[in-house]
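Reader: I'm new to this structure and a bit lost in it. Please pick one spot, look at it closely, and then show me how the rest connects to that spot.

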Amino acid sequence: PNKVFVVENFGRENYFSAIQNSKMMIGNTSSGILESAPFKKYVINVGDRQKGRLKNKNVFDVPFSKDKIVKAFNTVRKLPEFSGEDIFFKKDTASKIIKIIKNEYA
């Protein structure tokens with residue numbers, strides 16, 4: 001039933017697979033802010049390490065407080081899958097980069 005796993009380092013492919021197969025992320029890493037929205041996951045961002053950064057609406061900021069973290073967890077676990085906008089997504093980024101490189105070095 002309810003399982004919690006704590007892993008220090010998954011590696012890239014396993015990390016993205018873990019995000020895909022999880023309900024939420026909890027921590028204080030920029031990955032939660034940048035990479036969780038495309039996977040439609042919520043993030044409980046603990047502490048102020050990411051203070052002042054732009055964030056999607058799937059990020060819940062909480063202080064290092066057991067009660068606040070548990071309260072956020074209980075809120076997030078009841079929410080439907082995140083369906084909001086990813087403010088970091090830019091359409092056709094790769095093709096735009098290729099075009100710039102080709103024009104600069106052609």
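Author: Let's start at V6, which counts as exposed because its relative accessibility is 79%, and the cut-off for that word is over 50%. Before going further, keep in mind that this is a predicted model. V6 belongs to the segment before α1. Its C-alpha atom is 9.9 Å from that of I26, although the two residues are 20 places apart along the chain.

From I26, step along to G27. This glycine is part of strand β1, which covers residues 24-27. Unlike V6, G27 is rated partly exposed, because its relative accessibility comes to 24%. What does G27 touch, once neighbours within four places in sequence are set aside? It is in contact with I44, N45 and V46. For a sense of scale, try jumping from G27 to S95: that's 68 residues in sequence and 33 Å in space, C-alpha to C-alpha.

Those three partners of G27 turn up again if you look from V62. Leaving out residues up to four places away in sequence, V62 touches I44, N45 and V46, along with G47, K68, I69 and A72. V62 is also a member of the largest nonpolar core, a group of 9 residues. The others in that core are M24, A37, Y42, I44, V46, A72, V76 and F82. Two elements, β2 (42-46) and α3 (66-76), each put in at least two residues. The top contributor is β2, with 3 residues. There is also a second core, separate from that one, with 5 residues. Its members include M25, I33, V43 and V59.

While we're at α3, have a look at T75, which lies in this helix. T75 is partly exposed, because its relative accessible area of 39% falls between the 20% and 50% cut-offs. Its C-alpha atom sits 9.9 Å from the one in F60, with their positions 15 residues apart along the chain.

Now for the aromatic rings. The count of aromatic pairs comes to 4. In one of them, F16 and F39 have ring centres 5.8 Å apart and planes at 15°, so they count as stacked, the cut-off being under 30 degrees. This pair ties together distant parts of the chain: F16 is in helix α1 (residues 12-20), F39 is in the loop between α2 (30-35) and β2, and 23 residues separate them in sequence. F16 is partly exposed, as its relative accessible area is 25%. Add Y15, and ring pairs join Y15, F16 and F39 into a cluster.

The loop between α2 and β2 has another residue to check out, K40. Most residues other than glycine have a negative phi. K40, though, has a positive phi of about 65° and isn't a glycine. With 40% relative accessibility, K40 counts as partly exposed. Which loop holds D92? That one is between α3 and α4. D92 is another non-glycine residue with a positive phi, in this case about 60°. Its relative accessible area is 45%, so D92 is partly exposed.

F88 is found in the loop between α3 and α4 too. It has a relative accessible area of 30%, which makes it partly exposed. Together with L34, L54 and I87, F88 forms a nonpolar surface patch of about 330 Å².

Last stop: charges. How many salt bridges does the structure hold? The count is 1. It is made by the side chains of K55 and D61, which meet at 3.0 Å, N to O. K55 is partly exposed at 23% relative accessible area, and D61 is partly exposed at 45%.

So here's the route again, because it helps to walk it once more from V6, the exposed residue at 79% relative accessibility. V6 and I26 have their C-alpha atoms 9.9 Å apart. G27, in β1, touches I44, N45 and V46. V62 touches those three as well, and V62, I44 and V46 are among the 9 residues of the largest nonpolar core.

Notes
Residues numbered from 1 in each chain as written. Predicted model: local features only at pLDDT ≥ 70, side-chain atom pairs only at ≥ 80, totals over all residues. Heavy atoms only, no water. Core = buried A, V, L, I, M, F, W, Y, C linked by side-chain atoms within 4.5 Å. Buried < 20%, exposed > 50% of the residue type's maximum accessible area, 1.4 Å probe, protein only. Helix = DSSP H or I, 4+ residues; strand = E, 2+ residues; numbered from the N terminus. Contact = heavy atoms within 4.5 Å. Patch = residues over 30% accessible without salt bridge, like charges linked within 9 Å, V, L, I, M, F, W, Y side chains within 5 Å. Areas by Shrake-Rupley, 256 points an atom, 1.4 Å probe, with all protein chains shown as cover. Salt bridge = Lys/Arg side-chain N within 4 Å of Asp/Glu carboxyl O. Phe/Tyr/Trp six-rings, centres within 6.5 Å; stacked < 30°, edge-to-face > 60°.
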